[in-house]
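Trainee: I would like to go through the ligand surroundings with you and ask, for each term, what justifies using it. Could we begin once the structure is on the screen?

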Amino acid sequence: MSGRSYHVTTFGCQMNEHDSERMQGMLASLGYEEAPQRDGADVILFNTCSIRETADSRLVAHLGEAKRLKREQPERIIGVGGCWAQSLKDEVFERFPFVDVAFGPGQIHKLAEFLTSDSITAQGFFDFEGFAGHLPAKRVREFQAWVQISQGCNCNCSYCIVPSTRGREQSRPDTELIAECERLACDGVREVTLLGQNVNSYGRDLRAAGNRSFAELLRAIDRVDGIERIRYTSPHPKDMREDVLAVHAECGAVCEHIHLPLQAGSTRILKAMRRTYSRERYLDRVDLIRRYVPDAAITTDIIVGFPGESEADFAETLEVVDEVGYDSAFTFIFSPRRGTEAAGFDPELLVPHPVKVERIGRLVTLVQRRAAERAQRFVGRRVEVLVEGQSRTDETRLRGRTAHNKTVNFEGTAAPGEFVQVEIESATSTTLAGSERLLSRAV
Ligand code: SAH
Ligand code: SF4
Ligand code: F3S
């Protein structure tokens, strides 16, 4: 008899991807196998996101298919986890009566409880509890891992739904995180990405108990044998301090890449967003980064069309983008989210949709031009690449990433998980291209 199977679809950020890994690890420990297709699974799960309206509408389309699959085979379990589920709570069952179990990001472990109980009624789990960090995780690649260092967010960005879906900030004890990194290294992991909504405020809630600060945590993980690359996302500009930048300059494993979300270049809009930094303060942080790590790749997130954003405000965003010269940027159109402060702003402040679309077009053009210009600094250089697999566009070539988080497509023979030296021959705004030099680094 074949065993029970599951299928998970993940939306949203790395935090959700990691939560899905833990759902999968938990299901594997209950004896479930992964089904390649949704229609072949006994348990169909959606790990949802609600950051923008587009995320919501995409999910609703998927749920339509789940409804059909449930009708065809009523003993199937349909589960909905993540931020969208948390933001709607029990309303999920009213709007989507075919859902059997719904749970928020802090309640992943309840999925196992539900599947092993003999309950036949639909259940929702939405409390903010401790960590799911201890759950086993099924990693996509054996040499890369996410490590969740904190959960929740104590900021009040006026556009953002995350504080209401992930709760107050809570750090995981440093000793637990270092032990997790040591375990991962023993398991063959060479690159870790530390995850948190605001990673550089890590540890403040545990300071009284003598816990390490974020900078100290980075130093401790840098000392873990076998972990050769450390990344993290996202720091908040308000908390970006010299101690972290000194770690970048001094610790070999900490990558030369900093994601520093700008959101807007106008101090007036930043204030309305409640970001708690001004344009000047942000640019001052960029200067500081360049002083400590002159070659660092800096990437960012930007929102266009925030309520009240005038053409002059938007021009300031363009100026900052031009001045900083990001290596890449995620750009978003403002989307009002239920329960957030910005969703309640005077409708007169709303920027018409065509204006938002026109602005994001101009922004993307500038971002790409600056990123392409910045990328030329790598041409002619020999860079270290962690091989991830085949190139997505040409299967005779390999793909990997540099410490600067640049994707490189290259001619070579190395295996996934190996570090190789690649000579860069050309660069676009998004990728580098080159050839492997046979000097592969000893493991
Ligand atoms: N904690 C992270 C952000 C997580 S959300 C941080 O502060 O960096 C990822 C990005 O989505 C944000 O940086 C922001 O640019 C964008 N975003 C969040 N809410 C949004 C909204 N309501 N409309 C448009 N973009 C939004
Ligand atoms: Fe949202 Fe702001 Fe917290 Fe990031 S820092 S998760 S944008 S509230
Ligand atoms: Fe991430 Fe989306 Fe939640 S971006 S934190 S999954 S709302």
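Trainee: What makes the pair formed by D301 and ligand 1 a polar contact?

Mentor: In this predicted model, an oxygen atom of ligand 1 is 2.7 Å from an N or O atom in the side chain of D301. A polar contact requires a pair of N or O atoms within 3.5 Å, so the pair qualifies. The side chain of Q263 likewise has an N or O atom 2.7 Å from an oxygen atom of ligand 1, while a polar side-chain atom of Q197 lies 2.9 Å from a nitrogen atom of ligand 1. As for cover, ligand 1 taken alone exposes 550 Å², of which the protein buries 88%.

Trainee: Which strands and domains supply the shell around ligand 1?

Mentor: Strand 13 (297-304) and strand 14 (328-333) each supply at least two of its residues, and at least three come from each of domain 2 (139-255) and domain 3 (259-275 + 282-376).

Trainee: How do the residues of that shell divide into nonpolar, polar and charged?

Mentor: Of the 15 residues that surround ligand 1, the division is 7 nonpolar, 4 polar and 4 charged.

Trainee: Why is ligand 3 said to lie between domain 1 and domain 2?

Mentor: Domain 1 (5-125) and domain 2 (139-255) both give residues to the shell around ligand 3, and therefore ligand 3 lies between them. The residues around ligand 3 include C13, C49, R166 and Q197, and the shell divides into 5 nonpolar, 3 polar and 1 charged.

Note on methods: Residues numbered from 1 in each chain as written. Chains lettered and ligands numbered in written order. Predicted model: local features only at pLDDT ≥ 70, side-chain atom pairs only at ≥ 80, totals over all residues. Heavy atoms only, no water. Near = heavy atom within 4 Å. Polar contact = N/O pair within 3.5 Å; in protein donor to acceptor, adjacent residues only side chain to side chain. Areas by Shrake-Rupley, 256 points an atom, 1.4 Å probe, with all protein chains shown as cover. Helix = DSSP H or I, 4+ residues; strand = E, 2+ residues; numbered from the N terminus. Nonpolar A, V, L, I, M, F, W, Y, C, P; charged D, E, K, R; others polar. Domains from an automatic or database assignment.
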